[in-house]
Amino acid sequence: MDVFDKLKILTDAAKYDVACTSSGVDKKAVVGGIGSAAASGICHSFAGDGRCISLLKVLMTNVCAYDCQYCVNRKSNDTPRASFTPRELADLTINFYRRNYIEGLFLSSGVLKNPDYTSEQMIEVLHILRKEYGFSGYIHAKAIPGTDSALIAQLGLLADRMSVNIELPSQSSLQLLAPDKSKHSILAPMGYIKNRIQENSTDMIKYRHAPKFVPAGQSTQMIIGATPDTDFQILNLTEGLYRKYKLKRVFFSAYMPVAENTLLPMTDTKPPLWREHRLYQADWLLRFYGFSANELLDQEHQSFNPYVDPKGNWALNHMEFFPMNINRAPYSDLLRVPGIGINSAKRIITARRTTTLNFDGLKKLGVVLKRAQFFITCGGKVPNGLKITQDAMMRALLSEKSLGIYHQHFPHQQESEQLSLFQSPSIIPAKLALEDMQKCLTSPI
Amino acid sequence: MLNQSNLMYRYDGSFDGLLCCVFESYDKKELPLDIILPDTLQTTLFPAKEIRTDSQKANRVLTSIPTKLGPQALDLVRHAFLTCCTQKELYILLFLRLGYRHGPSVMNMLTNDVVNTLVKAVKHLSNESHLLKGFVRFSIVNKALVAEIAPKNFVLPLLTQHFCERYPEERFLIYDKTHSMALVYQPYQSTIVPIDALEIPEPDAEEESFRKLWQLFYDTIEVEGRHNPQCRMSHMPKRYWKYMTEFGPSPKKSLPRLESSITTIIHKAISPPSIN
């Protein structure tokens with residue numbers, strides 16, 4: 001089997017991993033070496049599905065001892081198998097890197113023989129890259145659940161970022177679909193990495209040249225829609241992971257049916273992309289906008305509103321918070337207005353030092369007035385001719401597409417019923433959300 | 001009183017030249033309608049005044065900017081000069097006039113039309129240079145790395161540091177087709193030189209095989225069930241595709257040029273003691 005075949009098989013097997021970021025660490029090549037990294041991360045290309053290609057994302061091997069039902073590489077699946085030798089993979093990485101195709105390597109693997117053996121193979125690749133080639137580019141390595149902590153420690157000193165995939169958001173789902181993994185086997189390496197990163201940060205204060213342990217932090221990913229876990233559960237878990245395990249990112253991946261199995265959604269099910277999208281929106285609100293998970297969803301409202309984004313939904317449910325005077329509101333409040341993002345909030349803070357802002361000025365600062373106008377005033381004034389009506393707000397907050405779907409589903413609503421959007425917006429979507437859930441979920445487990 | 005004259009300035013296209021226009025504008029208490037390049041065809045009947053570049057005058061303006069407007073304003077002006085913004089020269093002049101009046105707080109006046117125009121133009125420049133840090137594709141020719149780009153803004157000065165830190169031991173050349181300039185590097189010095197044309201020669205067997213491998217990787221990594229060409233295009237506009245390896249073999253005509261010519265270009269550009 002030549003490199004072409006191996007690359008094809010092992011890329012194909014790795015592509016369902018979502019993370020492809022190269023962010024979180026700044027460094028330049030050492031003398032005689034090659035490679036640098038930028039804290040912002042650099043995308044080198046975008047695949048046909050619109051996802052960023054930053055790293056050479058491949059598996060070491062797709063031979064696997066485990067039999068996780070949701071995975072293409074499961075033992076019982078009849079698929080061509082291949083393995084890179086460490087040398088082959090290191091050479092390929094360097095050659096791609098020299099031509100500026102990639103930012104570095106994303107190395108994951110099926111479980112060959114046992115977790116320890118697999119990790120040793122991965123360490124070998126990283127060792128050749130770092131020590132032989134003097135490679136300072138980005139390396140993201142996967143910690144295989146069940147690996148000995150001494151090996152994880154070695155891997156962590158060579159890689160920039162590590163990740164342990166949670167895959168399924170609850171213990172019961174794991175038991176059912178990934179019988180070889182348990183909550184403990186996933187969280188143990190995650191906790192270990194977190195502790196080592198913390199120790200390392202105190203070491204760095206004491207010793208200037210202390211070797212860096214996973215300097216770009218760790219991340220994880222979850223599959224959405226393979227199990228009946230709700231958005232509320234997933235978002236709470238996400239928040240917990242950011243707080244407790246100090247993760248840099250939590251990635252979500254809409255489940256692509258890859259296996260015929262009574263426990264899983266039918267193979268003709270479409271991936272729940274809108275759910276994944278809403279989760280990412282909420283994830284951003286958690287990380288940058290100062291929202292907490294239980295502000296966005298709660299026990300009664302366990303699913304995201306399919307029509308309105310989480311921030312718009314929050315604003316509609318908290319009209320007492322608005323209208324907000326744009327010339328006085330603090331930064332943290334500005335972030336809560338639909339149509340104002342991180343950048344425009346910062347620009348507002350800067351610009352109002354020298355002038356009083358009006359609506360014309362806000363437009364220049366990049367505020368999306370179409371959405372924001374219902375929630376703000378400029379020195380007590382509202383925009384000329386603004387009518388705060390149900391229909392106008394719907395048009396502003398819903399995208400054209402979702403407005404169309406909304407009208408399809410609710411064609412003959414009474415005016416009074418439509419107004420219910422303000423009192424409890426999630427009543428309307430509940431119907432549709434249920435349908436979607438049924439579509440993407442299986443029979444009750 | 002500012003003299004609103006029906007007058008245009010013509011400068012030599014250098015940054016120093018532009019600073020001399022600023023000097024002239026203050027010296028003669030006049031505001032030009034536009035500042036044009038020497039080879040611009042005159043489309044109006046207004047007279048154009050030739051501004052001679054005088055390094056002493058330029059220096060006086062240059063040192064005054066960080067002291068009167070703050071170092072950030074100088075950065076903004078320097079970067080604005082690299083952008084493809086139309087009438088950037090006039091906007092820079094207006095910005096500096098505004099700045100001399102208001103001091104460093106001019107950087108906060110984001111709703112002012114002049115400041116807003118410059119800030120947006122610079123954002124366009126830095127976005128493009130960030131994208132190109134990823135989208136540049138090198139071919140290996142005679143052990144040197146060669147790439148071609150066609151950016152809208154003059155991004156080479158912004159790419160220099162990034163690529164020098166990335167490939168300190170390599171020799172490389174990035175040819176900017178739009179501006180007919182090239183960033184040339186060999187350990188450990190770099191320079192930007194004017195180049196008329198550059199043909200990248202046919203790839204050899206090894207180069208060809210890595211291009212094929214990359215194309216294979218690119219095609220395989222897509223999850224077909226999520227095909228979304230619109231999303232791809234908004235992240236990576238089509239104008240960049242022409243120079244990217246993953247979008248198929250662009251059969252380059254081999255010109256009678258020798259393969260070694262690229263090596264010679266790098267040598268010629270670097271060999272006299274040059275600015276780093």
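**From a buried arginine to the chain contact**

A:Arg161 is found in strand 6 of chain A. The structure is a predicted model, and this residue offers a starting point for reading it. A:Arg161 counts as buried because 27 other C-beta atoms lie within 10 Å, where 20 or more suffice for that class. Leaving aside neighbours within four places in sequence, A:Arg161 is in contact with A:Gly24, A:His140, A:Val214, A:Ala216, A:Gly217, A:Gln218 and A:Ser219. A:Lys142 is separated from A:Arg161 by 19 residues in sequence, and the two C-alpha atoms are 8.5 Å apart in space.

The strand that holds A:Arg161 has a parallel partner: strand 5 (residues 138-142) of chain A is joined to strand 6 (residues 161-163) of chain A by 3 bridges. Across this pairing, A:Ala141 stands opposite A:Met162. In general, the strands of a sheet pair through backbone hydrogen bonds, in either a parallel or an antiparallel arrangement.

Both strands belong to a wider assembly in chain A. Here 6 strands form an open sheet with parallel pairing, in the order 3-4-5-6-7-8. Strand 3 (55-59) and strand 8 (249-254) of chain A stand at the edges; each has a single partner strand, so one side of each lacks a neighbour in the sheet. From one strand to the next, the twist averages 20°. Helix 1 (residues 3-14) of chain A packs on this sheet, where it touches strand 3 and strand 4 (104-108) of chain A. The direction of helix 1 makes about 95° with that of strand 3 of chain A.

Is strand 3 of chain A, an edge strand, mostly covered or left open? Strand 3 of chain A is mostly covered, with 5 of its 5 residues buried. In a regular strand, side chains alternate between the two faces of the sheet. In strand 3 of chain A, A:Leu55, A:Lys57 and A:Leu59 point one way, while A:Leu56 and A:Val58 point the other way, and all are buried. Strand 3 pairs with strand 4 of chain A in the parallel sense over 5 bridges, and A:Leu56 has A:Leu105 of strand 4 as its bridge partner. Together with helix 2 (residues 86-98) of chain A, these two strands make a right-handed β-α-β unit.

Chain B also contains a parallel open sheet, made of 3 strands in the order 2-1-3. Its edge strands are strand 2 (34-36) and strand 3 (48-50) of chain B, each of which pairs on one side only. The twist in this sheet averages 30° from one strand to the next. Strand 1 (residues 8-10) of chain B pairs with strand 2 of chain B over 3 bridges, and B:Arg10 has B:Ile36 as its bridge partner in strand 2.

Chain B is divided into domain 1 (8-125) and domain 2 (136-202 + 252-270). Between these domains, 5 residues of domain 1 are in contact with 5 residues of domain 2. The domain 1 side of this contact has 3 nonpolar, 2 polar and no charged residues.

The two chains meet in a contact that takes 43 residues from chain A and 40 residues from chain B. On the chain B side, helix 5 (113-135), helix 6 (156-166), helix 7 (205-221) and helix 8 (229-235) each supply at least two residues. Helix 7 of chain B gives the most to this side, with 8 residues. By class, the side of chain B that touches chain A divides into 20 nonpolar, 11 polar and 9 charged residues.

Methods: Residues are numbered from 1 along each chain as its sequence is written. Chains are lettered from A and ligands numbered from 1 in the order in which they are written. This is a predicted model: local features need pLDDT of at least 70, side-chain atom pairs count only at pLDDT 80 or more; totals for chains, interfaces and linings use all residues. Two strands pair if DSSP finds at least two bridges between them. Helices (H or I, at least four residues) and strands (E, at least two) are DSSP runs, numbered from the N terminus. Axes are lines fitted to C-alpha atoms, for helices over the stretch in contact, and angles run from 0 to 180 degrees between N-to-C directions. Two residues are in contact if their C-beta atoms, placed from the backbone, lie within 7 Å. Ala, Val, Leu, Ile, Met, Phe, Trp, Tyr, Cys and Pro count as nonpolar, Asp, Glu, Lys and Arg as charged, and the others, Gly among them, as polar. A residue is buried if 20 or more other C-beta atoms lie within 10 Å of its own, exposed if 12 or fewer, and partly exposed in between; C-beta atoms are placed from the backbone. A crossover is right-handed if, with the strands pointing away from the viewer, the path from the first strand over the helix to the second runs clockwise. Domain bounds come from an automatic or database domain assignment.
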